[in-house]
Amino acid sequence: MTTGAQTPRSPARPPRSRLRTFLPLGIAAWLVLEIWLLTVVAGASSGFMVFLLLVAGVVLGSVVIKAAGRRAFRNLTETINQQQSGIPPEARPNSEGNGLMMLGGLLLILPGLISDALGLLMLLPPVQKAVSRYAQRTVERKLRDAGPGTLGDAFRQARMHRPDGKVVQGEVIRDDPDDAPQDPRPPLTR
């Protein structure tokens, strides 16, 4: 039985972001470049030398990650002890950069010479400061560009709007034993 109403069309898919388009291609190109560079080094020296380079990267990366983790845990413990004793925590000059040092260690652990070079660069303090400033500016810009409201508002808006574009109106009524009215409620009429 038809009523003459048009059938709802599915909303158009939003366009793919550049990141979702080019990230898989970039990862594939990076892997091919890493493998090619390893074969070039193996051809120039020997396969055993490449194996030693890869093992040295894993060992050095794990040492860097372990040291950065210990430093972060020590800073956390000192901050907690200061707060519990009532002393306001003071800023320490070497307390930042643990995450970037761990990232450098992770890049060293990954097999490949390009990732090792990037990992070694991430261990340099000027590079860490530059990456930290860039990341901070990017996050602040993204937060500034985001619309007003909180995450709860965004979740509520996402739940109210159905994929077909219809808005579902509703009201939440909670019956708490503490808030029970003393007199009966009036009847619901239109």
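# Close-up views of a six-helix model

**View 1. Ser115 is buried, with a relative accessible area of 0%.** This is a predicted model, and the first stop is helix α4, where Ser115 is found. Which residues does Ser115 touch, once those up to four places away in sequence are set aside? They are Trp30, Glu34, Leu107, Leu108 and Leu110. Of these partners, Leu107 and Leu108 also belong to the α3 side of the contact with α4, and Ser115 itself is listed on the α4 side.

**View 2. Stepping back, the whole protein comes to six helices and zero strands.** If you follow the sequence from start to end, the pattern reads α-α-α-α-α-α. How much of the protein counts as buried? The figure is 13% of its 190 residues. The protein exposes about 16,200 Å², and 64% of that comes from carbon and sulfur atoms. As for how the chain meets itself, take the contacts between residues at least 6 apart in sequence: 54% of them join residues at least 24 apart.

**View 3. Helix α4 covers residues 113-122, and its buried residues are Leu113, Ser115, Asp116, Gly119 and Met122.** So what covers them? The cover includes α1 (18-44), α2, α3 and α5 (125-145). Ser115, the residue from the opening view, is one of the buried set. Asp116, Gly119 and Met122 are in that set too, and each of them turns up again in the contact with α3.

**View 4. Helices α3 and α4 cross at roughly 160°, and their axes come within 7 Å.** Angles over 145 degrees count as roughly antiparallel, so α3 is roughly antiparallel to α4. The crossing of this pair is left-handed. On the α3 side, the contact is made by Leu100, Leu103, Gly104, Leu107 and Leu108; on the α4 side, by Ser115, Asp116, Leu118, Gly119, Leu120 and Met122. Sorted by class, the residues of this contact are seven nonpolar, three polar and one charged.

**View 5. Leu100 is found in helix α3.** Is Leu100 buried or exposed? Leu100 counts as buried because its relative accessibility is 18%, and the cut-off for buried is under 20%. Not counting residues up to four places away in sequence, Leu100 touches Met122, Gln128, Val131 and Ser132. Met122 is one of the buried residues of α4. Gly119 is another of those buried α4 residues; its C-alpha atom is separated from that of Leu100 by 9.5 Å, and the two residues are 19 apart along the chain.

**View 6. Helix α2 (residues 47-84) and helix α3 (residues 98-109) cross at roughly 165°, with axes that come within 7 Å.** That angle makes α2 roughly antiparallel to α3. The α2–α3 crossing is left-handed. From α2, the contact takes in Gly57, Val58, Leu60, Gly61, Ser62, Val64, Ile65, Ala68, Gly69, Arg71, Ala72 and Asn75. From α3 come Asn98, Met101, Met102, Gly105, Leu106, Leu108 and Ile109. Split by class, the residues of this contact are 11 nonpolar, seven polar and one charged. Leu108 is worth a second look: here it is part of the contact with α2, and it is also part of the α3 contact with α4.

**View 7. Gly61 has its place in helix α2.** Gly61 is buried, and its relative accessible area is 0%. Which residues is Gly61 in contact with, leaving aside its neighbours within four places in sequence? They are Gly105, Leu108 and Ile109, and α3 brings these three to its contact with α2. The C-alpha atoms of Gly61 and Ile109 are separated by 5.0 Å, although the two residues are 48 apart along the chain.

**View 8. Helices α1 and α2 pack at an angle of about 130°, with their axes 7 Å apart.** These two are therefore oblique to each other. Who meets whom? Leu38, Val41 and Ala42 in α1 meet Gly47, Val50, Leu53 and Leu54 in α2. The class count for this contact is six nonpolar, one polar and no charged. Helix α1 also has a part in an earlier view, where it is among the elements that cover the buried residues of α4.

Notes
Residues numbered from 1 in each chain as written. Predicted model: local features only at pLDDT ≥ 70, side-chain atom pairs only at ≥ 80, totals over all residues. Heavy atoms only, no water. Axes fitted to C-alpha atoms, helices over the stretch in contact; angles between N-to-C directions. Helix = DSSP H or I, 4+ residues; strand = E, 2+ residues; numbered from the N terminus. Parallel < 35°, antiparallel > 145°, perpendicular 65-115°, else oblique. Left-handed = near helix turned anticlockwise from the far one by under 90°. Contact = heavy atoms within 4.5 Å. Nonpolar A, V, L, I, M, F, W, Y, C, P; charged D, E, K, R; others polar. Buried < 20%, exposed > 50% of the residue type's maximum accessible area, 1.4 Å probe, protein only. Areas by Shrake-Rupley, 256 points an atom, 1.4 Å probe, with all protein chains shown as cover.
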